[in-house]
Amino acid sequence: MLLAAAASVSAMAADTWSLQGTTFTVDTLFHNQVGPGTTSTSLWFRNPANGDALRVFYATMDLTNPYLKLRGVCATDKVAGNETISGMAKRKSKAGERYFVGINADFFMTSGTTNRGVSKVGTPVGSTVVDGVIYRARNNARTFKNFVVDTKGSVYVNPFFFGGSVEAPNGKKATLGGINVNANEKSASNQNKVTIYNDLYYGATAETGAGCEVAAVLVEGEKFETAKPFKMKLVGNPSTAGDMDIAKGGYVLHGHGTAATFISELHEGDIITVSPSWTFGDLSVEPYQVISGNPKILENGETLQSEGDRGDASARHPRSAVGYGDGGKKAYFLVVDGRSPISSGVRTTWLADIMRYAGATDAMNVDGGGSSVLYTSTLGVRNKPSDGNERADGNAFYAVSSAPDDDAVASIRFVDFALHTPKYGVYTPKFYGYNQYGMLVNTDVKGVTISCPESLGHVIGDTTFYADGTAREGALTATYQGATVSMPIQILDGVDNIKIANDSIITNGYKEYSVDVQTTIGENVMNISPLALTWKSLDESIVSIGEHTGVLKGLHNGKTQVVGVLGEICDTMQVSVEIPEARVMPIDPNLDITTWKLSQTGGKDVVATAVGNGFDYTYTGVSARSPKIVLTKTFRLWSLPDMIRVRVNPGEAPVKNFVFGLRANGGGMVYHTITPAAITANKEMVIDLPTADWCTATDMANYPISLISIQLNMNASKAGQVYDMHFRGFETVYLDAPEAPSKKGDINGDGEINASDVTALINKILSLADYADVMCDLDGDGEVNVGDVTALINLILK
């Protein structure tokens, strides 16, 4: 029990933090490195006054790390489309580019199609730039805020204004209004401006109103820059038809008002100059990555009272934020869960205050609600999305590692960053493994040894800490391949809610069982060593228990209680002793077929006849979809079976596989399929289902277990053909029980000597069944033949 025990972890001391004047206690539930220069942290905010609670998850990125970059992704690498955050990361990752942390980004369109029926769903509402490629650029600076990473790696959170100019060969200029902005989004501020569409858009401009359009390509050697001039060549004459196709690798310029006049005066072959710009006041940037959101919530370390551009800034919802701190050297992705009993969600001002707690100085709110997701490649989705699972979003923002792939563990860290445990607590730590670049590559490193000062406790088997010392603070040290790492420990006094983990258990008389003892600190369940308690059995003829060890053993079938005492704490547990009589026992001895429910598709005229502890099953084949035979009867299985066994001769019936319907104590139905490697017609086979294959066999809370049904999935039977199947036995197997010597003549091992053994012996002689020769050689001549059948009949007739 000590080796399997685990304790829980929390911060060494809870902080307090004010969210707009309301004081919350803050517990750190998780904090660890997940990649180069990047940590993942989980917090629990609680308001002691009213029970309000928040679950917070964030990642901190050190932007000075040479292997770390921030990069955006648009779902499907188009303007429109939806993908989960994890799905985008997996699709984009490759050697030297690992998208290992991600967060949802901009609000996006959730409905709408173009006049050609192309879906707009997933289109980011605001400006979006990915790796220097503009997916969308809008010039409405008041509504949309932008997180920008420029070409030098500097970061900004501001409402950047997209603009610039388009210059004709004759020197005339028009104002540049946007990239991939459709007509329905044009406000008065967009009129009289040129919009450029690229092939990331909807396949055509979708512009059907008044205006003028012309197709273009980049001049050879030119690049479509985000904030520098470049040249384009017109590849057609202007048209007022609208909804122009966008060729792959090509562009379309569209203009309304005076911009339409500007385009109409251009000609095929003209070279034009496009000069885009992104500005905020006097600041101009050359973006390499841009995501958008609203509102800006944090500026220079001060929480902003949101202007409520979206009308819901003051409502409490799941929310996401991105930001930076330390003069742009660190970036933060943060999610607060909401709409759940354990996390009520936040207003944008609260979101800003939490970003300040994390370390950000500037931040903006991005899409929230069911879209809020914080993802890590090795640990999965860190929060619990309010939809119940990941939503397919329009775009996302990632921390990307450029380090070479390397699975070799170069360093380790405790999974838990600190430990609170009561005296007598036991704790088996787990370890994360990191490669030489700091990427988490192994979430369960084996072969680590631990040590601690004797004053703190002692270590069992190099892997488990037992808090039985006198000191109250110290450190646990782990060693792996010569490297060491430490974790702080605090031993708690006065824990008064110690209890036995299980109200009742079953034991089999062969295995010893160390009683599980637990306590709860906060919301964490911790194991306590049973060595700390004094133990007594109320009936020592049924169960014995070590007074100072808590290790019990069943002696005789029956029920009693064991009592554990620690100071003034006293708890009891009922123990049922169920000792198997044999290694293999029938589940339904002297089977009564009328108590079973038998159903079949793909067969008719079913006849079932009980034979010993099994039955014969005959049916006539018919055509049917999904043919199967279902045997149903609920059995509460005796003791602690190591496996369930079915012995069956399928005859010529076309059996594919077996599906067992099972239930652990207090659990729901579990279905487990076994597909034999080979099924031979007219030959008995043994189907074994180990308990450990479908539930945690070492967890005493899972017993008793029940067998509910056995379904045989079939291939098609031949219509009109009669099939004979023989279910020889339904049994439980107890590997700890001694294998009792079989009676002479009990060929099939059912504990009786009768006609079924004659059948079994004949099947052995005909190579239709496989029984041990020593059991079948009844006349002792060293061979198994008809003489042994005669000897068996004489034995039955005495």
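**Helix 4 and a few other spots**

Me: What follows helix 4, and is its phi positive or negative?
Reply: Serine 767 comes right after helix 4, and its phi is positive, near 60°. Helices here are DSSP runs of H or I with at least four residues, strands are E runs of at least two, and both are numbered from the N terminus.

Me: How far can I trust this model?
Reply: It's a predicted model, where local features need pLDDT of at least 70 and side-chain atom pairs need 80 or more, while totals for chains, interfaces and linings use all residues. Residues are numbered from 1 along each chain as its sequence is written, and side-chain values use heavy atoms, leaving out hydrogens and water. pLDDT is the predictor's confidence per residue, from 0 to 100; the protein averages 92, and 95% of the residues score at least 70.

Me: Which residues have pLDDT under 50?
Reply: Residues 1–13 do. Where pLDDT is low, the coordinates shouldn't be read in detail.

Me: Why is isoleucine 762 called partly exposed?
Reply: Its relative accessible area is 36%, and partly exposed is what lies between buried (under 20%) and exposed (over 50%), using a 1.4 Å probe and protein chains only, so the label fits isoleucine 762. This isoleucine 762 sits in helix 4, whose buried residues include Val758 and Leu761.

Me: What does cysteine 452 touch beyond four places in sequence?
Reply: Gly457, His458, Val459, Phe465, Ala475 and Leu476, where contact means heavy atoms within 4.5 Å. Cysteine 452 lies in the loop between strand 33 (449–451) and strand 34 (458–460).
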